[in-house]
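Got your viewer open? Let's walk through a few selections together, one stop at a time.

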Amino acid sequence: MALWRVRAQVDDDPGRLARLASVLAARDANVLGLNVQACERGPVDEFFVHAPAGVAAADLEDGLTAAGGRGVVAVPADAHELVDGPTKALVLAAHLLAHPDALPQALAELLGAHEAGWIGAETSLTGVYTGDPDVLFVPVPDGRAVRVARPGMPFTMTEAARAAALARIPSEAPLPPPASTGTWLLLADGTEVLVRPGRADDVEGVQRMHDRCSAESRRLRYFTAIPRLPRAALERLLVPRAGVTLVAVRPDGGIGAVGSLLHTTEPGSGELALLVEDAWQGRGVGTAMLRRLGSLAQARGLAELRAHVLPGNRRMLGVFDRAGLTGRRTFEDGVVRVSVPVVPSGAPRRCA
């Protein structure tokens, strides 16, 4: 026996379901599940049927087409697809509350899709449907979107509505924060540095770090050799409304580096910035902080990381390379713009 997932678009008239069921019965196929979905061109009946091994997809498709079905498609199914739809949706919703970044995988599971993944912020969306009926763009309230593909089985309006409802859940959950206690970084010379989230009470420590930085280091970071940032600006930097800032705490308790990931106004994009005081440059602190910020970008579902670097700042460009944040570099308005695609934290998978 084999399990099949069968869909047929039908006319909305009395007796249509009986005609389709009789075709399946004639082939000794047992209907294990049925649901009716809305489509622009009429209702779509979806069956999960258990049929003898000798019954092929073409047998089911030809029979249902002869009975009045249109766009009939039969694909192999798996027993896990028989889980009650509302139950599956509730389980996925609960998972998303704890893991908002797992939306692509949840949508693939909900829709039985072959692939799903975040799309870049530059992609233009004109609606949920695209020109390809086997591809669905699912917008997320924060401006991003997930591209879902299921070759050979077009998406219905009902499925689009289900996907949109599931996609709203991550916006209600808090963004995954970095570990509140931070992580210890062991430098090549044996020195231990604590990398942790910035706090409002770090302002004085960061101001003292700015005082220890050379004018050239401040110029390369801020594009001007300002002596120090105003207190209000530092407070916004350390506890940003949209993003996260990390600080590296030296063994003596002072702050030796500050790195930020700030969400930009373009959906799915984040801006990276880093300042390491002169005495700690070249020791691996900046590389480790950028790697950590790249991981946080994955967890937040960002599609692209950006940074703006002065052309002469070869050391900073080298830190990006060592951190694995390699991508396209262009020269715009007198600065080097670094654009790095973010690899999703969970690769799209095929659902059986």
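Start with the open sheet of 4 strands, ordered β2-β3-β1-β4 with antiparallel pairing. Strands here are DSSP runs of E with at least two residues, numbered from the N terminus, and two of them pair if DSSP finds at least two bridges between them. Select 30-37 and 70-76 to light up the edge strands, β2 and β4, each of which pairs on one side only. On average, neighbouring strands of this sheet are turned by 15° against each other, direction ignored.

A quick word on what you're looking at: this is a predicted model, where local features need pLDDT of at least 70 and side-chain atom pairs count only at pLDDT 80 or more, while totals for chains, interfaces and linings use all residues. Residues are numbered from 1 along each chain as its sequence is written, and side-chain values use heavy atoms, leaving out hydrogens and water.

Next, pick residues 2-9 and 44-51: these are β1 and β3, antiparallel and joined by 8 bridges. Click on W4 and look across to V49 in β3, which stands opposite.

Now jump to T287, in helix α10 (residues 285-299); helices are DSSP runs of H or I, at least four residues. Is T287 buried or exposed? It's buried, with a relative accessible area of 9% (buried means under 20%, exposed over 50%, partly exposed in between, with a 1.4 Å probe and protein chains only).

Show its surroundings: neighbours within four places in sequence aside, T287 is in contact (heavy atoms within 4.5 Å) with V319, R322 and A323. Finally, draw a line between the C-alpha atoms of T287 and G324: they are separated by 8.9 Å, yet 37 residues apart along the chain.

Notes
Axes are lines fitted to C-alpha atoms, for helices over the stretch in contact, and angles run from 0 to 180 degrees between N-to-C directions.
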